[in-house]
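Subject: Structure handover

Hello,

Here is the structure I said I would pass on. My notes on it follow below the model.

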Amino acid sequence: MKLLEDRILRDGQVRPGNVLKVDCFLNHQLDVKLLDAIGAEFYRIFANDGVTKILTIEASGIAIACMTARHFNVPVVFAKKAKSKNIDGDVYTSVVHSFTYGKDYDITLSKKFLTPEDRVLIVDDFLANGKAMKGLLDVCHQAGATVAGIGICIEKGFQPGGDELRKAGYKLASLAIVDHMDDHSLTFRQQD
Ligand code: 5GP
């Protein structure tokens, strides 16, 4: 998606540890017009996949999920990182290893918000090693829901998450795939 690639080139900052900072438009300060265009692009790609729910993980995915859901006219549900008490086994839980913080955390999702009837589009801001996505896929699996697709704003193509998900057969759309980045340059994978 050229609009997103151009914005990354203009405002993205490469930080030590292979971290791309895009907090002035994607995950701290939010460019709502850009997010709306991202939502429209996910709709163009997944419109015929019978999506009934948009799933993401707090906090960065929520704005993207909401702007996407407007186009699909379906609800958003997000996995929580804070521990909630699993009274009566009423939540699905999974463990995720955080790329940015380097430690494990639990995610939880209330069982009433994901059912076997759901066809889920999972969205997130970044895909790196794929650990956050594995947690979300695990939650869908526990719910018996169908994963209709995965929509990512920025995939870091030099980390294995994206290619593993493609190999596993998921319909994965990454709007920008960064193949290389350092202090001086950043290049994208060509996509059709
Ligand atoms: P993964 O679990 O695929 O290794 O990493 C994905 C998660 O880590 C995303 O939810 C995102 O919040 C965070 N993340 C991974 N790489 C980056 C990055 O380069 N920049 C930022 N801002 N977040 C990242």
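Strands β5 (residues 91-97) and β6 pair in the antiparallel sense, over seven bridges. This is a predicted model, and the values here are computed from it. Within that pairing, S94 is the residue that stands opposite I107 of β6. The two strands make a hairpin with six residues between them, and G102, in the turn, has a positive phi of about 70 degrees. Strand β6 covers residues 104-110, and five of its seven residues are buried, so it is largely enclosed by the rest of the structure.

V96, which falls within the range of β5 (residues 91-97), also has a link to a helix. A132 is found in helix α4 (residues 131-143). A132 and V96 are 36 residues apart in sequence, yet their C-alpha atoms are 5.7 Å apart in space. If neighbours within four places in sequence are left aside, A132 is in contact with V96 and D124.

The second group of strands is at β8, β9 and β10. Strand β9 (residues 172-181) has eight of its ten residues buried, so the rest of the structure largely encloses it. On one pairing, β8 (residues 146-156) runs parallel to β9 over six bridges; E155 has I177 in β9 as its bridge partner. On the other, β9 is joined by three bridges to β10 (residues 186-188), and these two run antiparallel. There, H180 is matched with T187 of β10. β9 and β10 form a hairpin as well, with four residues between them. As a reminder when looking at side chains here, in a regular strand they alternate between the two faces of the sheet.

Some backbone geometry is worth checking before you set anything up. Which peptide bond is cis? The bond from E58 to A59 is cis, with omega near 0 degrees. A59 sits in the loop that connects β3 (53-57) and α3 (60-72).

Two asparagines have positive phi. N18, a residue other than glycine, has phi near 60 degrees; its place is the loop between β1 (13-15) and β2 (19-21). N18 is partly exposed, at a relative accessible area of 36%. N73 is not a glycine either, and its phi is positive at about 60 degrees. N73 lies in the loop between α3 and β4 (76-79), and with 72% relative accessibility it counts as exposed.

For the chain as a whole, there are five helices and ten strands. The radius of gyration is 16 Å, close to the 16 Å that the globule rule gives for 192 residues, so the chain is as compact as a globular protein of that length. Along the principal axes, its C-alpha atoms fill a box of roughly 55 × 35 × 35 Å. Of the 192 residues, 45% count as buried. Among contacts with a separation of 6 or more, 60% are between residues 24 or more positions apart.

The accessible surface comes to about 9,800 Å², and carbon and sulfur atoms account for 50% of that. As for charge, the chain has 24 positive and 25 negative charges, and the mean positions of the two sets are 3 Å apart.

Regards

Technical notes: Residues are numbered from 1 along each chain as its sequence is written. This is a predicted model: local features need pLDDT of at least 70, side-chain atom pairs count only at pLDDT 80 or more; totals for chains, interfaces and linings use all residues. Side-chain values use heavy atoms; hydrogens and water are left out. The radius of gyration is taken over C-alpha atoms; the globule rule is 2.2 Å times the number of residues to the power 0.38. Buried means under 20% relative accessible area, exposed over 50%, partly exposed in between (1.4 Å probe, protein chains only). Contact means heavy atoms within 4.5 Å. Accessible areas come from the Shrake-Rupley method with a 1.4 Å probe; for residues, only the protein chains shown count as cover. Lys and Arg count as positive and Asp and Glu as negative; His and the chain ends are not counted. The place of a charge is taken as NZ of Lys, CZ of Arg, CG of Asp or CD of Glu. Two strands pair if DSSP finds at least two bridges between them.
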